Amino acid sequence: MDSLPSSLNSSKRLKEEFVSNLTGSSILEVAAVLTNVSILILLRHSVSSDRLIKDVSLKKSDDENLSSKDWRAYITTLAADFLVIVLPTILFLTVLSDWTYIWTISLMTLLFFICAAKGSCSHSPPFEPGVHSLKSVLSSYRFSVMIGTCLCIMAVDFRIFPRKYAKTETYGTSLMDLGVGSFVLVNSLVSRQARSVSSMSWKTAFQSTSPLIILGLVRLVSTASVDYQVHVSEYGVHWNFFFTLAAVSILTSIINVPPSYSGILGSLVLVGYWGMYLLGVQLGNYLFFGNHSSAMLRSNSWARVWIPMLLFWTTVLLDRYVEGVSRRMCNLPYVTMVLALNLQVLSVLTLSDYIPGSKTSILEQAFNRNLLGSFLLANVLTGLVNLSVDTLSASSVAALFILVLYASVLTIVVGIADFCCIRLKFW
């Protein structure tokens, strides 16, 4: 009777040790990985059109019955999105991770030739950048953060996933260190504060974030009840990702800071993730919701993203010689690194304005309409796999098969939910 618990505890200990005491990789390599994912999204846009997306969305909005032909076309397009975006991302995070820079150069070259070929064959006027373009870029950016996070939380427990991409212990930079910071930034860019919407009372704020608190409690109880492995140095014993998002949201709602001043205050306080959130509020207001003239939006939409990205990259380089990046302490170098890398993704995605083709994809729309639901599903699937498979003993072939299967299930379920107009919204 004692052998089973002992076996489970031994497996838990080994898995916790497998993701502990890591130092990460270089910021440049993390930037290259993110660039690869961004270019995959642009490549998918370049070989697709908006016709199917508009047709299906129009029929659903008119409450028309979608035929089997529409269903097949939707699934076919969803599969193409998976093959062009998700599958290569899995490979970049695993078996192709040693050739990251080579793939970055190759993908950039391929994108350049596709743009040149399509541009020379196109007789239509180029797309005029503007605020609507930036908002479509924001949707692609939110999708890239979500799909990258969903793939990493599953892959990190397999040996096929390089340790340099897993979360660092105290100081260092890695791909997974961006996770919680990117989520905080994603939320702040489109927050009520960034949109200059009147702030909520503390009671309303607590009610709106109660789902996150409940999810945090559910995760805490479920992990403890099944003796699931927990990296204690990440959040501590009783804290987790959902509690962090809820705490930042409540704090921001209680302390009402106008968007025009939130950046200054965020730079001064830097209390945990709240300072990052405030900086994101001002960026979101400036990039997407500010009261700028239409002429300014048309002429400066590209520069309005690239200039802040360059400024934050400069700060990152300066901070490297003052203090090391620490996700656990959420210090100034970590905040500037998260801002620089996320703005880099946004900057690369702004190139979609100059690429003939679609501005989005079926898969991007599906995830954007169910962001929290997608993340919850990914966590459930990850837990089920870890409880049923000895991930540390899995061969590279088996691990890759499981990751592809996991990503396929996630894609299909999220896609079907969107096709059936199912929205998992808590507030």
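User: Why is cysteine 330 called buried?

Analyst: The relative accessible area of cysteine 330 is 3%, and buried means under 20%, with exposed over 50% and partly exposed in between (1.4 Å probe, protein chains only); cysteine 330 is therefore buried. This is a predicted model, in which local features need pLDDT of at least 70, side-chain atom pairs count only at pLDDT 80 or more, and totals for chains, interfaces and linings use all residues. Residues are numbered from 1 along each chain as its sequence is written, and side-chain values use heavy atoms, leaving out hydrogens and water.

User: What makes cysteine 421 partly exposed?

Analyst: Its relative accessible area is 41%, which falls between the two cut-offs, so cysteine 421 is partly exposed.

User: What is notable about phi of cysteine 330?

Analyst: Phi of cysteine 330 is near 50 degrees, a positive value in a residue other than glycine. Most residues other than glycine have a negative phi.

User: How do you know that H7 is roughly perpendicular to H14?

Analyst: Helix H7 (residues 178-189) and helix H14 (residues 332-349) pack at an angle of about 65 degrees, their axes 10 Å apart. Angles of 65 to 115 degrees count as roughly perpendicular, under 35 as roughly parallel, over 145 as roughly antiparallel and the rest as oblique, so H7 is roughly perpendicular to H14.

User: What makes H2 mostly covered?

Analyst: In H2, 19 of its 20 residues are buried. Helix H2 spans residues 27-46 and reaches 28 Å from its first C-alpha to its last, close to the 28 Å expected at 1.5 Å a residue.

Conventions: Helix = DSSP H or I, 4+ residues; strand = E, 2+ residues; numbered from the N terminus. Expected span 1.5 Å × (residues − 1). Axes fitted to C-alpha atoms, helices over the stretch in contact; angles between N-to-C directions.
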